Amino acid sequence: MIKVAIMGYGTIGSGVYEVLERNQEILAETVGQGIEVKYILDLRDFEGSSVEKKIVHDFSVICQDGEIKIVVETMGGLDPAYPFVKACLEAGKHVATSNKALVAAYGTELLAIAREKKVNFMFEASVGGGIPIIRPLYRCLMGEKIEEITGILNGTTNFILTKMDKEGASFEWSLKEAQALGYAERNPEADVEGHDTCRKIAILTAMATGREVDYEEIPTEGMTGITDTDFRYADALGTSIKLVGSSRMEGNKVYAWVAPLMIDKNHPLYAVNDVYNGILVKGNMIGTTMYYGSGAGKLPTASAVVADIVEEAKHLDSNIPIGWSSQKLPIAPMSDAVYRYFVRVSGKYEDRRDMVEAVFGKAKVVELEGLDEFAFLTAELKESRFQENLDILKVELTAEYEKVLQVIRADR
Ligand code: HSE
């Protein structure tokens with residue numbers, strides 16, 4: 001029997017317990033022996049529940065018990081998750097976590113300790129919830145040079161954007177709906193401002209390149225500026241708007257960013273709607289692969305944690321070489337990246353045609369009935385060039401008392 005401890009008995013932690021209970025026979029068969037939860041660390045007592053006798057409030061009980069081989073960290077946040085996980089690894093225990101903040105901030109150090117102690121630090125659930133994405137990167141795609149990872153990595157914002165797209169709802173109404181359904185937190189900042197996606201694309205980029213990525217260097221824009229009017233244009237253009245995290249590896253450069261992206265109907269992420277996540281990974285030999293499923297939620301996320309427990313249980317005496325080194329990967333400035341750009345401008349197109357064509361050349365133009373504005377989609381441009389052109393357009397428009405209303409990057 002392999003003895004496990006769970007730190008944090010919230011939504012994911014209790015989900016891990018449930019998966020271990022419900023699938024115990026199949027898990028025992030896969031591992032070759034049973035898996036038993038010996039301790040659950042939580043501030044609460046859970047009196048009268050089936051786990052009451054397993055609850056401990058003192059972390060040292062877990063850390064000092066030599067019988068505990070695997071520790072699950074589902075507390076979230078950095079304090080005390082970071083010192084607790086570090087102490088467990090230093091004590092020679094394997095760790096499985098769902099905590100993207102922990103992996104993005106301290107992954108390099110924790111992976112190094114795991115290697116030194118010949119244990120494993122695993123984090124499949126930290127990105128894409130239940131979707132297998134970390135394991136494909138270090139196992140199935142081992143023969144590939146990864147060229148691009150672009151993902152819808154946040155279920156809450158994808159739910160909000162889908163409501164705006166399919167139902168013509170406003171951002172405010174869709175956010176309230178997401179909160180009522182329990183997807184969005186009362187303070188939704190981490191999701192809607194893109195911080196959650198930023199940590200996830202940092203982890204994926206580090207996994208794909210084998211080098212440390214500082215998530216604070218990744219340019220991050222949220223989706224609070226996207227409006228229902230943008231979606232009317234998107235619809236007219238046969239496109240949609242998604243909040244994505246993206247990394248493109250070009251030569252020795254990596255362009256990584258988080259922002260709303262306009263994608264057309266043929267894009268593999270176009271059909272990823274509601275709370276689902278989808279991750280596109282391009283390899284130099286395999287081409288495009290897609291990973292799709294529940295990016296959040298109790299049992300899907302717990303399932304990914306349990307997969308790590310099983311992996312660790314099958315490698316109790318060895319470190320599986322995964323992750324990245326402490327060699328830092330610089331993020332290339334966005335000014336060199338090449339995209340198309342969707343731009344909305346106030347006023348009538350017929351009065352602005354010459355101005356737009358002079359600055360941007362031939363662009364795809366859309367005018368919607370009943371609006372005193374128009375939009376255009378540029379050809380592919382280096383971001384620095386686009387910004388220069390946009391500045392020229394803004395100066396011209398200011399003179400005419402009109403202005404640029406919106407700019408969204410569009411897929412190439
Ligand atoms: N808030 C996150 C989301 C939870 O909505 O995707 C999963 O990381």
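**Notebook: sheet order and helix packing**

I began with strand 1 and looked up the pairing of Ile-2, whose bridge partner in strand 2 is Ile-35. The model I am reading is a predicted one, and I keep that in mind for each entry below.

Helix 1, residues 11-22, came next: I find that helix 1 packs on the sheet, where it touches strand 1, strand 2 and strand 4 (68-73), and that its direction makes about 160° with that of strand 2.

I then went back to the pairing of the two strands as a whole, and noted that strand 1 (residues 2-7) and strand 2 (residues 35-41) run in the parallel sense and are joined over 6 bridges. Both belong to an open sheet of 6 strands, for which I wrote down the order 3-2-1-4-5-6 and parallel pairing. Which strands lie at the edges? They are strand 3 (55-56) and strand 6 (121-122), each of which pairs on one side only.

At the edge I picked out Val-56, a residue of strand 3. Is Val-56 buried or exposed? I record it as buried, because its relative accessible area is 14%, and the cut-off for that word is under 20%. Leaving aside residues up to four places away in sequence, I list Tyr-39, Ile-40, Leu-41, Asp-42, Val-61 and Ile-62 as the residues that Val-56 touches. I also checked Val-56 against Phe-159, and found the two 103 residues apart in sequence and 37 Å apart in space, C-alpha to C-alpha.

Next I turned to how helix 1 meets helix 12 (residues 298-313), and noted an angle of about 65° with the axes 8 Å apart. The crossing of helix 1 past helix 12 is right-handed. On the helix 1 side the contact includes Ile-12, Val-16, Val-19 and Leu-20, and on the helix 12 side Leu-299, Val-305, Val-306 and Ile-309 are among the residues involved. Sorted by class, the residues of this contact come to 9 nonpolar, 5 polar and 3 charged.

My last entry concerns helix 13 (residues 349-360) and helix 14 (residues 383-399), whose axes come within 9 Å and cross at roughly 155°. I therefore describe helix 13 and helix 14 as roughly antiparallel to each other, and the crossing of helix 13 past helix 14 as right-handed. Helix 13 contributes Arg-352, Met-355, Val-356, Val-359 and Phe-360, while the residues from helix 14 include Phe-386, Leu-390, Leu-393 and Glu-396. For the contact of helix 13 with helix 14 I noted 9 nonpolar, 1 polar and 2 charged residues.

Definitions and conventions:
Residues numbered from 1 in each chain as written. Predicted model: local features only at pLDDT ≥ 70, side-chain atom pairs only at ≥ 80, totals over all residues. Heavy atoms only, no water. Pairing = 2+ DSSP bridges. Helix = DSSP H or I, 4+ residues; strand = E, 2+ residues; numbered from the N terminus. Contact = heavy atoms within 4.5 Å. Axes fitted to C-alpha atoms, helices over the stretch in contact; angles between N-to-C directions. Parallel < 35°, antiparallel > 145°, perpendicular 65-115°, else oblique. Left-handed = near helix turned anticlockwise from the far one by under 90°. Nonpolar A, V, L, I, M, F, W, Y, C, P; charged D, E, K, R; others polar. Buried < 20%, exposed > 50% of the residue type's maximum accessible area, 1.4 Å probe, protein only.
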